[in-house]
Amino acid sequence: MFITIEGPEGSGKSSVTKKVVERLEKEGFEVVLTREPGGTPIAEEIRNVILDKKNTAMDPVTEALLYAASRRQHLVEKVWPLSKEGKIVISDRFLDSSLAYQGGARNLGIDKVLAMNMFATEGYYPDVTLLFDIDPRIGLARIAANKNREVNRLDLEKIEFHDSVRKAFLSLAERFKDRFVILDASKPFEDVVEDAYKAIKARIK
Ligand code: TYD
């Protein structure tokens with residue numbers, strides 16, 4: 001089973017997901033938590049290039065291609081082998097981040113970025129996608145307050161950029177209704193953990 005976690009910056013998705021994974025493991029489920037961009041050594045190297053604050057000259061299509069390249073490597077080396085072994089693989093970000101950030105906010109077009117990604121993923125979709133929905137103003141304020149979280153090249157974008165990321169995510173949730181679950185990430189931390197846990201638990205086959 002392949003579960004993906006999506007949402008804008010500062011939605012708390014990573015901390016919430018860690019808690020949910022701990023809970024599932026305590027119940028005896030074999031869960032592997034991974035992330036994009038990254039998740040394997042080659043994909044992490046690509047991640048460093050994408051997120052480096054120095055790379056202000058990066059072209060949006062180059063950016064989209066690099067995310068897709070890191071995704072491909074992550075699928076081949078990690079997601080596909082582990083899910084074949086019967087593990088529950090949970091990825092902090094996946095395809096929908098490319099659709100929302102590069103397709104939506106960077107204006108490359110959701111369908112173009114989807115088509116490009118299909119080459120990398122061979123049409124592989126997650127079984128379930130949790131969308132941690134939150135107003136980016138709240139999310140960015142959380143990041144500013146959390147000194148342990150490094151600020152990356154995309155965090156530095158203007159608020160309009162983050163608004164269009166959110167809008168694109170919500171339109172994807174509408175388009176791919178069968179696999180999306182929208183969570184209200186502005187709720188208190190423990191409540192979001194509970195909602196995320198329930199959403200996953202209800203869909204474990
Ligand atoms: P990261 O530090 O992992 O941020 P977060 O904790 O918010 O997940 O950085 C990942 C950044 O890359 C984030 O700003 C979202 C962006 N991103 C894309 O633009 N496209 C993609 O396909 C993916 C996977 C991430």
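Reader: Where in this predicted model is valine 89 found?

Author: In this predicted model, valine 89 is found in strand β3.

Reader: Why is valine 89 called buried?

Author: The relative accessibility of valine 89 is 1%. Buried means under 20%, so valine 89 counts as buried at its 1%.

Reader: What does valine 89 touch, not counting residues up to four places away in sequence?

Author: Valine 89 touches Met1, Phe2, Ile3, Val32, Thr34, Val79, Leu82 and Ser83. Contact here means heavy atoms within 4.5 Å.

Reader: How many residues apart in sequence are valine 89 and threonine 4, and what is the C-alpha to C-alpha distance?

Author: Valine 89 and threonine 4 are 85 residues apart in sequence, and their C-alpha atoms are 8.4 Å apart in space. The bridge partner of threonine 4 in β3 is serine 91.

Reader: How do you know that β1 and β3 pair?

Author: Two strands pair if at least two bridges are found between them. β1 and strand β3 (residues 88–92) are joined by 4 bridges, so the criterion of at least two is met. The two strands run parallel.

Reader: What makes β2 and β5 the edge strands of the sheet?

Author: The open sheet has 5 strands in the order β2-β3-β1-β4-β5, with parallel pairing. β2 (31–35) and β5 (180–184) each pair on one side only, and they are the edge strands. On average, neighbouring strands of this sheet are turned by 20° against each other, direction ignored.

Reader: Which helix packs on the sheet and touches β1, β4 and β5?

Author: Helix α7 (residues 159–175) does so, and its direction makes about 145° with that of β4 (128–133). Helix α8 (residues 189–201) lies across β1, β3, β4 and β5, and runs at about 160° to β4.

Reader: Which residues have the most contacts inside the largest nonpolar core?

Author: They are Leu99, Ala100, Tyr101, Val165, Phe169 and Leu172, in a core of 29 residues. Two or more residues each come from α2 (41–51), α3 (60–84), α4 (95–105), α5 (110–121) and α7. The largest share, 6 residues, is given by α7. Valine 165 is in contact with Ala100, Tyr101 and Ala105, leaving aside its neighbours within four places in sequence. A second, separate core has 24 residues, including Val16, Leu130, Val181 and Ala199.

Reader: Why might nonpolar side chains be buried together?

Author: In soluble globular proteins, this is a general tendency of nonpolar side chains.

Reader: Why is serine 11 called buried?

Author: Its relative accessibility is 3%. The limit for buried is under 20%, so serine 11 counts as buried at 3%. Serine 11 lies in the loop between β1 (2–6) and α1 (13–26). Leaving aside neighbours within four places in sequence, serine 11 is in contact with Phe132, Ile134, Arg142 and Ala185.

Reader: What makes the approach of the serine 11 side chain to the backbone oxygen of proline 8 a polar contact?

Author: The side chain of serine 11 reaches that oxygen at 3.1 Å, and the cut-off for a polar contact is within 3.5 Å.

Reader: Which residues are the closest to the ligand?

Author: Lys13, Tyr67, Arg93, Ser98 and Gln102 are the closest of the 16 residues that surround the ligand. A polar side-chain atom of lysine 13 lies 2.7 Å from an oxygen atom of the ligand. For glutamate 9, a polar side-chain atom lies 3.0 Å from a ligand oxygen atom. An N or O atom in the side chain of arginine 47 is 3.0 Å from an oxygen atom of the ligand.

Key
Residues numbered from 1 in each chain as written. Predicted model: local features only at pLDDT ≥ 70, side-chain atom pairs only at ≥ 80, totals over all residues. Heavy atoms only, no water. Buried < 20%, exposed > 50% of the residue type's maximum accessible area, 1.4 Å probe, protein only. Polar contact = N/O pair within 3.5 Å; in protein donor to acceptor, adjacent residues only side chain to side chain. Axes fitted to C-alpha atoms, helices over the stretch in contact; angles between N-to-C directions. Core = buried A, V, L, I, M, F, W, Y, C linked by side-chain atoms within 4.5 Å. Near = heavy atom within 4 Å.
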